[in-house]
Amino acid sequence: MKACNLIAAFTILALASTFVTAYDPSPLQDFCVAIDDANSAVLVNGKLCKNPSLANADDFSYSGLDVPGNTSNQLGGHVNIITADLMPGLNTLGISLARIDLAPNGGLNPPHYHPRGSEVLLVLEGTLYAGFVTSNPDHRLFTKILKPGDLFVFPFGLIHFQLNIGKTPAVAIAALTSQNPGVNTVANAIFGASWPIYPEVLTTAFHLEKQFVEDLQAQEWVNPT
């Protein structure tokens, strides 16, 4: 009887292992259209790997995150994200880092979400009002006033933001759980889409007048980068 139980246990473990290895990795791009023509294909979920014998310390380091970003824009914000494009050693490790600079008195990293990663934020300078909103149907808002040394986490795929409510520049470091987390700024995606979304869609969705929607769509939508 014990032998039968042991065999059953091994069988379950083997099946579980099969299911795990058959699971697709999380995507590192917005979409991947299938194609049979290798000449028209592109590499996805990472980059080609350098021969390990040719790797050096420079592949695993990056200099420049101490340089303040230019916040003289419409939002008063700048995000410098370090991915495998700038730091090759990050490739396949599932992590990335960003420096966020926000101008005094209202510099904003606007509502956005990362389709491929969670984020933890560390405030280095200034005072931030930060938060995120949960998904349907609750849409609960979680916010916190953050000061230097404070941490705040933004769960995977949820809309979040940071606002500088202080009178001095604010600086924060964000760590993300993907080498290419992606970012989708909500207002830009809705009102700055190319081509524009039919106004009728947005007037109904946002309870707005058509002229107001068209005025918003005519504006220039700036990303904090």
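Here is a chat about the predicted model shown above.

Reader: Hi! Before I get lost, how many helices and strands does the protein chain have?

Author: The chain has 4 helices and 10 strands. Keep in mind that this is a predicted model.

Reader: What pattern do they follow along the sequence?

Author: Reading along the sequence, you get α-β-β-β-β-β-β-β-β-β-β-α-α-α.

Reader: OK, and what do the strands form? Start with β1.

Author: β1 belongs to an open sheet of 5 strands, in the order β1-β2-β9-β4-β7, with antiparallel pairing. Its edge strands are β1 (77-82) and β7, and each of them pairs on one side only. From one strand to the next, the twist averages 20°.

Reader: How many bridges join β4 to β9?

Author: There are 6 bridges between β4 and strand β9 (residues 170-176), and the two run antiparallel. If you want a spot to click on, Glu125 stands opposite Val171 in β9.

Reader: Cool. And which order do the strands have in the sheet with β6?

Author: That sheet is open too, with 5 strands in the order β6-β5-β8-β3-β10 and antiparallel pairing. The edges are β6 (141-146) and β10 (184-185), each pairing on one side only.

Reader: β10 is just 184-185? How many bridges does it make with β3?

Author: Yes, β10 covers 184-185. Strand β3 (residues 108-113) and β10 pair over 2 bridges, in the antiparallel sense. In one spot, His112 has Thr185 of β10 as its bridge partner.

Reader: Switching topic: how many aromatic pairs are there?

Author: Searching the whole structure turns up 6 aromatic pairs. One of them is Phe132 with Phe152, a tilted pair with 6.0 Å centre to centre and 50° between the planes.

Reader: Where do Phe132 and Phe152 lie?

Author: Phe132 is in strand β5 (residues 128-133) and Phe152 is in strand β7 (residues 151-154), so their pair ties together parts that are 20 residues apart in sequence.

Reader: Is Phe132 buried or exposed? And Phe152?

Author: Phe132 is buried, at 10% relative accessibility. Phe152 is buried as well, at 13%. The cut-off here is that buried means under 20%.

Reader: Got another pair for me, say with Phe191?

Author: Sure, Phe191 and Phe206 make a tilted pair, 5.6 Å centre to centre and 40° between the planes. Phe191 sits in helix α2 (residues 186-191) and Phe206 in helix α3 (residues 199-206), so this pair ties together parts that are 15 residues apart in sequence.

Reader: How accessible are Phe191 and Phe206?

Author: Phe191 has a relative accessible area of 12% and is buried, while Phe206 is partly exposed at 39%.

Reader: Which residues form the aromatic cluster?

Author: Phe132, Phe142, Phe152 and Phe154 form one aromatic cluster.

Reader: Now the surface. Which residues form the nonpolar patch?

Author: Val120, Leu122, Leu124, Leu151 and Val153 form a nonpolar patch there, and together they have about 400 Å² of accessible area. β4 (119-125) and β7 are the elements giving two or more residues to the patch.

Reader: Which element gives the most?

Author: That's β4, which gives 3 residues. As for Val153, that residue is found in strand β7 and is partly exposed at 49% relative accessibility.

Reader: What share of the residues counts as buried?

Author: Of the chain's 225 residues, 30% count as buried.

Reader: Last topic: how many salt bridges does the structure hold?

Author: It holds 3 salt bridges. In one, the side chains of Asp101 and Arg99 meet at 2.8 Å, N to O. Asp101 and Arg99 are both buried.

Reader: What about Lys210, which residue is its partner?

Author: Lys210 forms a salt bridge with Glu200, and the closest N and O atoms are 3.4 Å apart. Lys210 lies in helix α4 (residues 210-217) and Glu200 in helix α3, so this pair ties together parts that are 10 residues apart in sequence. Lys210 is partly exposed at 42% relative accessibility, and Glu200 is partly exposed at 45%.

Reader: And the salt bridge of Asp59, which residue does it meet?

Author: Asp59 meets Lys50 there, at 3.1 Å from N to O. Asp59 is buried at 12% relative accessibility, whereas Lys50 is partly exposed at 44%.

Note on methods:
Residues are numbered from 1 along each chain as its sequence is written. This is a predicted model: local features need pLDDT of at least 70, side-chain atom pairs count only at pLDDT 80 or more; totals for chains, interfaces and linings use all residues. Side-chain values use heavy atoms; hydrogens and water are left out. Rings of Phe, Tyr and Trp (its six-membered ring) pair if their centres lie within 6.5 Å; planes under 30 degrees apart count as stacked, over 60 as edge-to-face and the rest as tilted. Buried means under 20% relative accessible area, exposed over 50%, partly exposed in between (1.4 Å probe, protein chains only). Patches are made of residues with over 30% relative accessible area and no salt bridge: like charges are joined within 9 Å, nonpolar side chains (Val, Leu, Ile, Met, Phe, Trp, Tyr) within 5 Å. Accessible areas come from the Shrake-Rupley method with a 1.4 Å probe; for residues, only the protein chains shown count as cover. A salt bridge is a side-chain nitrogen of Lys or Arg within 4 Å of a carboxyl oxygen of Asp or Glu. Two strands pair if DSSP finds at least two bridges between them. Axes are lines fitted to C-alpha atoms, for helices over the stretch in contact, and angles run from 0 to 180 degrees between N-to-C directions.
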